[in-house]
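Here are my notes on this model, set out point by point. Please read them with the coordinates open.

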Amino acid sequence: MAFRLKLLGPPQLLDHESRLVPIPAKAFALVAYILLNGGGAHASRAALRQFLWETPDTKTAATNLRKFLLRIRDRQKEFGFELISEERDHVRLSQSVETDLARFQRVVSRHGPADLTALCDLYRGELLEGFVLEEPAARDWLEVQRAKLREAFVSAVSHSVEAADQSADRMSLRVIARRLIEVDPYNESGHRTLMRLFAEDGEPARVRDVYRSLEQCLREELDTEPDAVTTELFRALTPVRASAGSSPSDGRPRVEPAFARSDVHSMDPEASDAPLAPNRSGAPKVTVLPPTSIGGQDFGHQIVVSLIEDVTIGLCRFRSLSVVAPHTAWELTTSGKKGLFSSFGIDYSVETQLQKRGDELWLSVKLLETLGRRILWTDQYEVTRTNTSHHYRRLSLRILTSLVNTIERSELARYDTEPPPTAYHHYLAGQKHLRTLDLPHTRRARRAFKLALSIVPDFVPALSGLARTLRLEWLLLARGDTDLLTEAERLASRSVEIDPDDARGYRELGAYNLYVGRFDESLKAFGEAEARNPQFADLLIDSADALTHACEPKHALQKVELAIELNPLCPDYYWWIAGGSNFHLHLYSEAIACLSRMRDQTPAYRLMAASWARLGEREQAAEYVRRVMEVHPDFRVSDWLSILPIRDPQYERDYEQGLREAGFD
């Protein structure tokens with residue numbers, strides 16, 4: 001089937017090239033009603049009139065329905081599809097357009113384990129997500145149907161996910177369990193499945209993450225605790241941490257750094273009585289150990305050594321980590337002195353090994369917590385002559401991202417179990433809050449960064465993070481309080497002053513200069529930031545935002561694509577920037593498709609309204625205008641554009657026209 005109608009999640013009609021096809025908004029509700037109330041085939045005109053226009057004046061309702069169906073017919077003729085056909089007393093659904101809701105109903109009715117992936121693919125979100133029906137009875141009907149479909153999904157997936165046999169694809173099971181938790185955050189079947197999978201893969205830190213997240217959610221929102229079955233499973237999968245070291249702050253032994261000692265080869269950690277010197281911020285120390293050579297595999301060994309050096313350099317760019325220099329890491333490997341890890345205060349080690357499998361050469365990478373030698377993450381990669389340097393560059397980025405994410409998860413788990421938290425732990429908590437783009441989470445992040453700075457006043461990651469929260473609040477409040485932006489600039493400048501090699505301070509300076517209209521200074525600051533950390537996805541998306549406002553949307557979209565490649569499970573902010581870039585290229589359907597991927601579309605309502613208006617869909621545009629006015633009742637186009645930095649007046653005029661066509665004053 002060439003055309004696909006999506007009713008689960010944000011409603012969309014897509015053509016054979018997955019392009020958005022604009023249709024009247026109520027057409028989505030009409031199809032949903034026929035599928036759920038009309039037996040899936042047809043519904044009477046009288047029932048549809050009553051559903052869509054709840055009025056005692058049947059003549060007016062009949063006229064409304066006739067005009068509405070005429071608009072649908074016009075769109076069907078224009079774009080070459082058939083969604084509905086009309087009979088004298090009924091409206092019938094066509095079989096030529098594939099509907100996700102109809103497929104969902106069929107899969108749920110089969111209720112087999114093999115259908116789990118299909119269910120997760122189909123259930124993108126609630127029925128007509130983000131759609132508001134005007135009539136009270138229709139709104140009630142929609143809420144009831146949403147609840148029924150949600151319960152059908154949760155019941156079907158919960159019933160099968162824990163019972164999946166060992167032959168099931170493990171990665172698919174992870175995805176299914178996470179989707180179940182997204183739909184039902186209190187669902188313990190999904191949490192238990194994830195815990196088992198992570199434990200079987202040797203990732204105890206992630207087991208703790210899953211359990212602590214469930215525990216906090218149940219306690220704070222339902223005032224209850226996890227089931228006894230879940231708690232017993234958690235205890236069985238996570239043996240009690242052994243207590244070691246004498247540092248009161250986080251349970252890790254800390255001593256004078258190795259580079260301050262006279263001779264690494266002559267050190268005897270047991271004989272040393274040097275005083276402890278804990279890292280003030282609590283940032284973990286990491287070493288990346290190169291692989292030893294395999295006879296006859298010089299080519300592969302050289303490639304891998306280069307790859308590991310690239311990973312080490314990438315880790316060094318994350319200033320919230322302390323990375324052991326490659327020379328010391330090499331000495332630790334070749335001299336067999338891994339027992340010095342605790343003496344050097346090393347918290348995590350990345351161990352690599354070349355393995356020969358017939359004619360193939362593979363690189364095994366493991367991340368271990370040095371205390372207890374527990375494996376937190378592991379993966380394997382094939383090494384061949386045919387792979388390009390571009391392939392290995394991408395591979396190093398994949399390894400780098402996995403390492404950083406796993407270390408941060410491990411540290412957040414430590415935050416929950418081993419108080420008092422360090423500055424680094426508060427910083428991680430702030431970063432976690434910033435994944436959600438709304439005012440409450442932004443302010444929680446600010447509190448976390450302030451706590452980090454109360455422990456270490458010059459901790460650069462927290463300084464730049466605090467600047468970011470002020471900038472985001474300024475954006476979310478529709479750019480009202482200039483004091484927020486001024487303070488953000490001061491903190492960013494302070495961050496650069498303390499550590500001019502850290503990309504994050506330049507990132508915040510770039511954002512500040514953008515929003516005060518200094519486009520050249522903004523792009524220069526982002527260039528400085530990217531030179532320091534070219535694989536920082538959040539930095540790339542902010543750089544794309546600056547390019548969009550500087551009226552270089554094609555270049556901006558290139559940055560967006562790279563950022564999403566580096567961070568595929570990206571936050572809403574990425575899709576907001578992508579939507580703006582597409583809008584300025586007059587790709588309005590693509591802009592709407594990007595904005596529709598935001599979990600919370602509130603910040604993008606204005607852009608969504610303008611995009612629908614430029615497509616000629618005034619009804620859809622008017623709905624987003626209404627939502628904007630509920631949040632910002634004093635919104636005026638002229639006021640908005642007066643504080644919105646856009647370099648080219650023509651781009652500003654295009655945006656203004658879209659806003660006014662949507663219905664804004």
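1. A term first: buried means under 20% relative accessible area, exposed means over 50%, and partly exposed lies in between. The model is predicted. With that cut-off in hand, look at strand β1. F3 and L5 point to one face and are buried. R4 and K6 point to the other face and are not buried. In general, side chains of a regular strand alternate between the two faces of the sheet.

2. Next, the sheet around β1. Three strands make an open sheet, ordered β2-β1-β6, with mixed pairing. The edges are β2 (12-14) and β6 (97-99), each of which pairs on one side only. On average, neighbouring strands in this sheet are turned by 20° against each other, direction ignored.

3. The pairing in detail. Strand β1 (residues 3-6) runs antiparallel to β2, and three bridges join them. β1 and β6 also share three bridges, but in the parallel sense. What stands opposite L5 in β2? The residue is L13. On the β6 side, the bridge partner of L5 is T99.

4. The β1-β2 connection is a hairpin, with five residues between the strands. G9 sits in the turn and has a positive phi of about 90°.

5. Which helix packs on this sheet? Helix α4 (residues 100-110) does, touching β1 and β6. The direction of α4 makes about 50° with that of β6.

6. Strands β3, β4 and β5 deserve a separate look. Strand β3 (residues 42-44) is joined to β5 by three bridges, and the two run antiparallel. A43 has V91 as its bridge partner in β5. Strand β4 (residues 84-86) is likewise antiparallel to β5, again over three bridges. Here I84 stands opposite L93. The link from β4 to β5 is a hairpin through three residues.

7. Strand β5 (residues 90-93) shows alternating side chains too. V91 and L93 point to one face and are buried. H90 and R92 point to the other and are not.

8. Now the cores. The largest nonpolar core has 121 residues. Which of its residues touch the most other members? They are L315, I399, F459, Y655 and F664. Helix α16 (residues 460-476) gives the most to this core, with nine residues. In general, nonpolar side chains in soluble globular proteins tend to be buried together.

9. L315 merits a closer check. Leave aside its neighbours within four places in sequence. L315 is then in contact with V286, V288, L321, V323, L400, L403 and V404.

10. There is also a second, separate core of 60 residues. Its members include V31, L93, V161 and L197. L93 is thus a shared reference point: it is one of the buried residues of β5, and it belongs to this second core.

11. Last, helix α22 (residues 572-584). Does its length fit, and what span is expected at 1.5 Å a residue? The 13 residues should span 18 Å; the end C-alpha atoms are 19 Å apart, which agrees. Of the 13 residues of α22, 13 are buried, so the helix is largely enclosed by the rest of the structure. H586 follows α22, and its phi is positive, near 65°.

Notes: Residues numbered from 1 in each chain as written. Predicted model: local features only at pLDDT ≥ 70, side-chain atom pairs only at ≥ 80, totals over all residues. Heavy atoms only, no water. Pairing = 2+ DSSP bridges. Helix = DSSP H or I, 4+ residues; strand = E, 2+ residues; numbered from the N terminus. Axes fitted to C-alpha atoms, helices over the stretch in contact; angles between N-to-C directions. Contact = heavy atoms within 4.5 Å. Expected span 1.5 Å × (residues − 1). Buried < 20%, exposed > 50% of the residue type's maximum accessible area, 1.4 Å probe, protein only. Core = buried A, V, L, I, M, F, W, Y, C linked by side-chain atoms within 4.5 Å.
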